[in-house]
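Opening the notebook on a new chain today. I'll jot down what I look up as I go.

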Amino acid sequence: MSSTAFLLLDKEPINTIGVNVLQPLLKTQGLDVITGTDISDVPENTRLLFIETAVNDAWGQLKEQLVNLKVSCDIVLFNLDENPELANRALLSGIRGVFYTTDNADVLMKGIRLLMEDQLWYRREIMCNALNRMLQFNKDALHKLTEGDIEPVKLTKREKAIITLMSKGSKNKEIAEDLNISPHTVKTHLYSAFRKTKCRNRIELLSWAQQNIPDEIR
């Protein structure tokens with residue numbers, strides 16, 4: 001079965017990049033391309049979900065859409081205006097990449113190829129910003145550890161197993177299959193690990209694990 005790229009278009013798009021440029025480029029990579037305006041129409045075999053993100057309250061609308069997403073797939077934002085904060089939020093939330101309204105066909109093609117190789121597609125400054133946030137988190141964590149009055153974090157074997165698989169790039173659905181549990185159970189264990197480690201997202205959790213239990217996640 002071939003993989004699908006679904007283009008979730010805004011009902012009042014600011015331009016036609018989704019149909020006229022992005023669609024043919026995706027087809028060159030062997031993807032079936034479907035367009036629509038309702039996230040509930042995303043099919044089960046979708047590999048890449050491109051969400052048009054050009055409205056003023058883009059983050060708020062994006063969160064509403066993702067609540068209704070029933071398919072496990074990589075998410076990419078496109079038609080994004082120059083909005084560094086939204087791009088930062090997207091990266092730290094696990095969204096795989098961002099394309100801007102100013103990106104030409106060559107940039108789009110390069111990004112698509114990297115996404116097909118399971119890599120991220122963000123501008124250098126966005127990646128640097130995320131790395132700086134992660135390094136600051138490590139610095140704060142080290143400072144807390146040296147205070148000497150912090151209770152050690154105790155993760156369960158299942159929580160450590162999930163973090164180990166996550167560090168290898170596995171998604172929730174793949175983790176669930178490897179551990180023979182449901183995706184919902186995976187999320188429950190992840191939330192527990194977030195709470196215990198005081199991490200806000202996957203990047204911080206992986207950073208915490210590399211700092212505190214490196215031998216246990218290899």
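**Entry 1: a residue picked to start with**

Is Asp-178 buried or exposed? I looked it up in what is a predicted model, and Asp-178 comes out exposed, because its relative accessible area is 52% and the cut-off for exposed is over 50%. I placed Asp-178 in helix 7. I also checked its distance to Ala-161: the two sit 17 residues apart along the chain, and their C-alpha atoms are separated by 9.9 Å.

**Entry 2: the whole chain**

Stepping back, I counted elements and got 9 helices and 5 strands. Reading from the N terminus, I wrote the order down as β-α-β-β-α-β-α-β-α-α-α-α-α-α. The chain has 218 residues, and 43% of them count as buried. For the surface I noted about 12,500 Å² accessible, with 50% of that belonging to carbon and sulfur atoms. I then looked at contacts between residues at least 6 apart in sequence: 68% of these join residues at least 24 apart.

**Entry 3: Val-33**

Next I went to strand 2, residues 32-36, where Val-33 lies. Which residues does Val-33 touch, leaving out those up to four places away in sequence? My list reads Ala-5, Leu-7, Gln-23, Leu-26 and Lys-27. Val-33 counts as buried, because its relative accessibility is 15% and the cut-off is under 20%. One more distance for the page: the C-alpha atoms of Val-33 and Ser-3 are separated by 8.9 Å, with their positions 30 residues apart along the chain.

**Entry 4: strands 4 and 5**

How do strand 4 and strand 5 run relative to each other, parallel or antiparallel? I found them parallel, with 3 bridges joining strand 4 (residues 74-80) to strand 5. For Val-76, the bridge partner in strand 5 is Gly-97. I followed the chain between the two strands: it leaves strand 4, passes through helix 3 (residues 84-92) and arrives at strand 5, making a right-handed β-α-β crossover.

Then I checked which way the residues of strand 5 (residues 97-100) point. Gly-97 and Phe-99 go one way, Val-98 and Tyr-100 go the other, and all of them are buried. While at Tyr-100 I spotted a charge over its ring: the charged end of Arg-123 sits there, 3.7 Å from the ring centre.

**Entry 5: the aromatic rings**

How many aromatic pairs does the structure hold? I get 4. One of them is Phe-50 with Phe-78, an edge-to-face pair at 6.4 Å centre to centre with 70° between the planes. Phe-50 is in strand 3 (residues 46-52) and Phe-78 is in strand 4, so this pair ties together parts that are 28 residues apart in sequence. Both are buried: Phe-50 has a relative accessible area of 0%, and Phe-78 has 2%.

Phe-50 also pairs with Phe-99. Their ring centres are 6.3 Å apart and their planes meet at 20°, so I logged this pair as stacked. Why stacked here? The planes are at 20°, and the cut-off for stacked is under 30 degrees. With Phe-50 in strand 3 and Phe-99 in strand 5, the pair ties together parts that are 49 residues apart in sequence. Phe-99 is at 0% relative accessibility, so it counts as buried. I put the rings together as one aromatic cluster made of Phe-50, Phe-78, Phe-99 and Trp-121.

**Entry 6: positive phi outside glycine**

Last, I looked at backbone angles. Where is Asn-180 found? I traced Asn-180 to the loop between helix 7 (172-179) and helix 8 (183-197). Its phi is near 60°, a positive value in a residue other than glycine. Asn-180 is exposed, with a relative accessible area of 72%.

Lys-198 went on the page too: its phi is positive at about 60°, although it is not a glycine. I located Lys-198 in the loop between helix 8 and helix 9 (202-212). Lys-198 is exposed as well, with 63% relative accessible area.

How values were computed
Residues numbered from 1 in each chain as written. Predicted model: local features only at pLDDT ≥ 70, side-chain atom pairs only at ≥ 80, totals over all residues. Heavy atoms only, no water. Buried < 20%, exposed > 50% of the residue type's maximum accessible area, 1.4 Å probe, protein only. Helix = DSSP H or I, 4+ residues; strand = E, 2+ residues; numbered from the N terminus. Pairing = 2+ DSSP bridges. Right-handed = clockwise from strand over helix to strand, strands pointing away. Phe/Tyr/Trp six-rings, centres within 6.5 Å; stacked < 30°, edge-to-face > 60°. Lys NZ or Arg CZ within 6 Å of the ring centre and 35° of its normal. Contact = heavy atoms within 4.5 Å. Areas by Shrake-Rupley, 256 points an atom, 1.4 Å probe, with all protein chains shown as cover.
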